[in-house]
Structure formats: structure tokens, C-alpha cells
Amino acid sequence: MPFICSLLLFLGISFSNVLADLLPAEDIPKYVDPLVIPPVMPKADTIMQQGGPPIDYYEIEVVQFQQQILPSTGFPKTPVWSYGAVGHPETRNYPAFTIEAQVNRPTRVKWVNNLVDENGDFLPHLLPVDQTLHWANPSQDCIDGTTRTDCRGQSQETYTGPVPIVTHVHGMRVAPESDGYPEAWWLPAANNLPPGSDPSGTLFGDITTTDADPNNDNPGNLGYALFQYPNDQPSATLWYHDHALGITRLNVYAGPAGFYLLRGEEEDNLNLPGSAPKPDGNRQGPQKFFEIPIAIQDRSFNEDGSLFYPDNRAFFEGLSPDQLKIDFLPDSDVPPIWNPEFFGNTMVVNGRTWPVLQVEPRRYRFRFLNGSNSRFLILKAVTAAQPDNSTTWSNLTDEFVQIGADGGFLPQPVALDELLMAPAERADVIVDFSGFAPGEAIYLVNVGPDEPFGGGRPGVDFEPANPETTGQVMKFQVVPLTEPDPSANPDTLVLPSFEELGPSTHTRQVSLNEEESQEVCVKVQKGKVQQIGCSPEAEEFGPIAALLGTLHNGMANPLFWENTITENPALGSTEIWEIYNFTEDAHPIHLHLVQFQVLNRQPFGDDGSSDPQPWETGFKDTVIALPGEITRIKAKFDIPGLYVWHCHILEHEDNEMMRPYCVGDPANCPANGAP
Ligand SMILES: [Cu+2]
């Protein structure tokens, strides 16, 4: 895909030194600071309803603060964003405190955009915003000359205005007005909103605009939205993060993400390792938890501790900006700042680089989340931090017993040597340390690639992550057992019965596509990439976007965010979606609203198909679609209205690899902002 890189290496062009401020990952000591176990987000209130269960009510704000993400041994703090309880600055943490929810007891959240300074003036983004993508665009500076939000902008400069946010609970079955539609964002209620900016997106709405609270209209300029989650689905490891149109990669990279753990009665009798932090837990108190959520994210840092994220396209090509002499939007179709993928050079786990967790020789329950923008992880447990040769680690056998995935428990436990996790996927796993003695150490390592994942095996089909840096994740340091382990043996664990979806009534074909430039062709000349006229022999510059779409006569039919809705399942219907991946890379495909079943995978041109992986046999909301294959899923669409489906490589999602879809009557699905 990044063909220029290979061209440059061939021609011997030297990479520039534009990243002088980048903190070398090799300079960051590992396993210095303890793993932070996110405490529970405190409730603001409990709302009693007549004839219904009480509602847990939260007021949660997105704020900017400093956090020690790099080691505490003399490294600077990092300016970061995350969620915290309103009025409780002590709850500000990246990743956010965990929302604990109970099945069939609704959660209501007032999500507040408080990205303002001490004077109430808006804070600009921490990271470079490419205004030429189809994005939220509060300044209504559309490339087509119209004045509206949610459009492609015309400025090549980074956006410096107030930042839109909209929260999505990933994996939640929820009504559209509370799902966090990408065009339903809102700005902070800042003192100094620039003239001409719109305080909320085209499809801003919240539950006050529905029957839930019809007397309390929110016009979108209050700096918040009120969302409600029914929690009427099985126990699951969900997570919440930002979803604003065209800047999700930046908003999530800046920090806002946290776990949303939904617990039901079916979990109570399983005798799983516990406990987890409790809602009334004191953050400063003794922490001895045997159920721990673990969010793994790659990041890069500047020497001053700030987050690094590329501010020009040349970075992706391994060039300095003056070595990439091409026209950018609006003078061509190439976005000037957007990078097709981003891979950080450090591993951050629960908001710390390469932390260490003290573990007793007993069983633990870890809820792993791959919270990376682009990086696929292949996690292994090993007993030496360094590989025994250049490509393989002597990993422990069947160290992971996976009991759950995105949407809840698996039909039965699955013993695994490794965990393959695309961005946004979760794995609920039991790890047994009882075979280890105090003083011993176990390391969680990563043999996924430092580049886009295309399937295959590390060391065979791709080079595993740098074993000195991104190949390592965290350390488990064994300490003495303090009390007997009463938890169930996972080998004999009987998980809650799994109820399959009913037969499907419709099958549709959708496609994953990559877009090359139609206007910019390039050649390498005098140490620079020069633009030349496009002829049949010329090399098109790309990729410039990733697109979802349909199939037409067996051929890919790529579509943009603004194109008319093509996926319109009937209300209450169960459909099979056949996802044709016409690109060279794997894409984690996520559907809002539903938890689906993975049916099978079939390479193009093959008659046979392969069963889902053992860890994909429960409910999923995100599935890896491998290149050159059809991935089949089945889902039931049982709430009417407008939702999205998208790739969860955030750089793809932000640049057109997302489409609206409509359940039921199209009259319930207002069109996107585009005319
Ligand atoms: Cu993708």
C-alpha cells in the first residue's frame, strides 16, 4: 500500500530528521510503574421511576488535564483528555473510570463537553485536525461553498477552534438518539465560540428531544447531551469512547475512552475470579483485585511528554514535507494531513507505558481491550521479556482461557496460546498464575505487526512487532499468595447457555475498498516525490481514503459517507451480511446497535468456507474481515432508526470508511448533512 516507501528505499533517498522532538521508545524504561486499575465512575444520583427499575444517573465531562503516562522516574507528564465525574476532579483519569451497569437497570448520562480553560474559553485540539476530510466542521467552512456543518472543509491548515465531541458506548443496544451518531456532536458551552460556528452537529439530539423527557428541550448549545442506555442485553465488556465525525482518531488518541461493564445475574453463579473495583471504592485504599480490565493502546510521545501524532501526509510515506511535492485538497483529492494508518512506538496499558502488575499465584480475570487506532495485537504470555531468537518467543501453552468476547460470554471456554485482537475487540480471559512461584515474572508480549495486518502468521507472513518496544506490553510480577483462590476451574466452567439468532430473512452484500488518487500521480526525482501528469503508465498516489460500499454485478461499488443509504434492514428482521474485502489489509468491521454472530469466512474464488475462530462463537460487535475474503455475519435489527457501520481502524473510519444505515421505515432516518 505505501508503495512510495519501497520506492524510496530502492532509490536510497534518506529519511529526513523532521521528528527531532520524538521521544525514542528505546529510551523509556519498562516495568517501572504499577498498572493502574481504573476505579468505578461515581454516580450523580439514582432516579426512581414509577413502574420501572431505578435509573443510574451520571454526569460525566470530557476535560483536559496532565497525567503521568510515561514512567514516573523523571519523565514529564502528558497533556491528555478523558472523562471524569462533574464536580469530582479526582475522578479524571485516562483511560476513564469504569462505568458499572446492571442488566435491565438503565443508565442515564449527561455527557458534558468541558474542553475549556479556567476562564471558560474553549481549548483547541491537542492534535492536528485535517479540515479537508468530511468531518464535523463546526466552522461551516465547506469546500462546496455551502454554510453548514458536517462537510468537507477547504482549509489545508489544522483546525484551531472549539472541539466537537459525541460519546458512543461500543456494543450497546440503544435507541438512535443515545447512540452517539457522528453528526450528533456538540461543542463546549465556551465563552468565546467563534462567530459563525455552529454549537452542534446536523443531527444533534438527545433523549430530551424524544418521549423520555419532552418538556426539557436541548437546542444543542448547552455543552451537553443526555443519553440513556437500557442495558437490556447480556453481561458484556463494553467500552465508551468519542465518535465525532472525521476526528474520532484524534479524539480517542487524545484519551477519551473507558470500560463499561454490564453485569447480569447469569454471571453471579459462575464463581469467576474477583472482585473488581466497587462503585463505592476509595481510589487511595488497598487494591487487591482479581478481575481487572486492561486497555492496550499504542502511542508516541514528544520529548516534552506531549502526545505525538503526525501533522502531515509525508510522515506516512517516510518523508519530510518538503520531500513530498504534490497538490493537496482542495487543489487535488489528497488530504494534506490525514495519514492512512498510525502506529505508535510505545505500548500504553491503562494509561501507563509498559506497566507492571503484582499477581498472586492464583487465577485472574482480565478483560482485554485493544484500544489502538490502527494496530492489531497478537498477545502471548511468556517468561522472558526478550525473545529467544529474532522472531519467536517461547510462549506458555494455553495460558489464556477465553470466556467472553465483545457481546458477552462464549458458549464454552476456549483455551488459547495467543489472543488476536483487532482495534475495538474485547477478550474476557482467565489467566492462571498458580504454577508460578513468588519472584517469578510473566510478560505479556505482542507479535502482531508494526504495520497494517493482512492475516497470516508472525515471522512467516509478516515481521512481528519490534521485540524491544511494541513487542512488549506489560509484566506480571508474582508475589506470595495471601488467601486461597476460591474461583472456579475454567476447564470445567459451564458458561451461561448461548441463544443463537433465528433464521435470516435477507442476505446483503457489502464491500470494503481502498481509494487511490484520481488526480495525483507521482515519480521520484532528485530526492523528492514529484507530481506528474496521470497517464496509464503513471503511478497513482494513494491511498487517499478507504470506503465501504455495496456490490454491483459482483463488482465493488464503493460509496462515500454522504451517499444515499443503501443498508435498510426491516425492523425486527434478521439479516446475513456478506462483507467482501477488496483491499490488501484486514479491517475490523463494527455495526452499531447489534451484537452479531460470525457465520464463516470464504476466500474469493473458493467454494469452501471456514468456520469462525473458537473465540468468535459468541456475540460480536466487531469482526476481522480479512483481505480477499467474504466474511459472513448474522444480526437482528430490532430498534428503528439511523445508525452507522464502520471500520474500527480509526484513521479509516474518519476518512469515509463509515456508512449510515437505517433500520425500518426510512422516514425515521433523517438524511446525513450532505445535500
Ligand atoms: Cu479499515
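Modeller: A salt bridge here is a side-chain nitrogen of Lys or Arg within 4 Å of a carboxyl oxygen of Asp or Glu. Keep in mind that the model is predicted.

Colleague: Good, then which residue does the side chain of Lys288 meet in a salt bridge?

Modeller: The closest N to O distance for this pair is 3.0 Å, and the cut-off is 4 Å. Lys288 sits in the loop between helix H3 and strand S12, and its partner in the loop between strands S25 and S26, so the pair ties together parts that are 195 residues apart in sequence. Lys288 itself is partly exposed, at 39% relative accessibility. The partner is Glu483.

Colleague: And Glu578 with Arg632: are they buried or exposed?

Modeller: Their side chains form a salt bridge at 2.8 Å, N to O. Glu578 is in strand S32 and Arg632 in strand S36, 54 residues apart. Buried means under 20% relative accessible area, and both Glu578 and Arg632 count as buried.

Colleague: How many residues apart are Arg173 and Asp638?

Modeller: These two form a salt bridge, with the closest N and O atoms 3.2 Å apart. Arg173 is in the loop between strands S8 and S9, whereas Asp638 is in the loop between S36 and S37. That links distant parts of the chain, and the separation is 465 residues.

Colleague: On to the metal: which residues coordinate the copper ion?

Modeller: In sequence the donors follow the spacing H-x59-C-x4-H. One histidine lies in strand S33 and the cysteine in strand S37, so that pair ties together parts that are 60 residues apart in sequence. The donor atoms are ND1, SG and ND1, at 2.0 to 2.1 Å, from His587, Cys647 and His652.

Colleague: What is the strand order in the open sheet of four strands?

Modeller: S27 and S28 pair in the antiparallel sense over five bridges, with Lys523 standing opposite Gln530 in S28. The edge strands, each pairing on one side only, are S14 and S29. Pairing in the sheet is mixed, and the order is S14-S28-S27-S29.

Colleague: Zooming out, what is the radius of gyration of the chain?

Modeller: The secondary structure comes to four helices and 38 strands. For 675 residues the globule rule gives 26 Å, and the chain's value is close to that, so it is as compact as a globular protein of that length. The radius of gyration is 24 Å.

Colleague: How much of the chain do buried residues make up?

Modeller: The cut-off for buried is under 20% relative accessible area. Of the 675 residues in the chain, the buried share is 61%.

Terms used: Residues numbered from 1 in each chain as written. Predicted model: local features only at pLDDT ≥ 70, side-chain atom pairs only at ≥ 80, totals over all residues. Heavy atoms only, no water. Donors = N, O, S within 2.8 Å, 3.2 Å for Na, K, Ca; no water. Helix = DSSP H or I, 4+ residues; strand = E, 2+ residues; numbered from the N terminus. Pairing = 2+ DSSP bridges. Rg over C-alpha atoms; globule rule 2.2 N^0.38 Å. Buried < 20%, exposed > 50% of the residue type's maximum accessible area, 1.4 Å probe, protein only.
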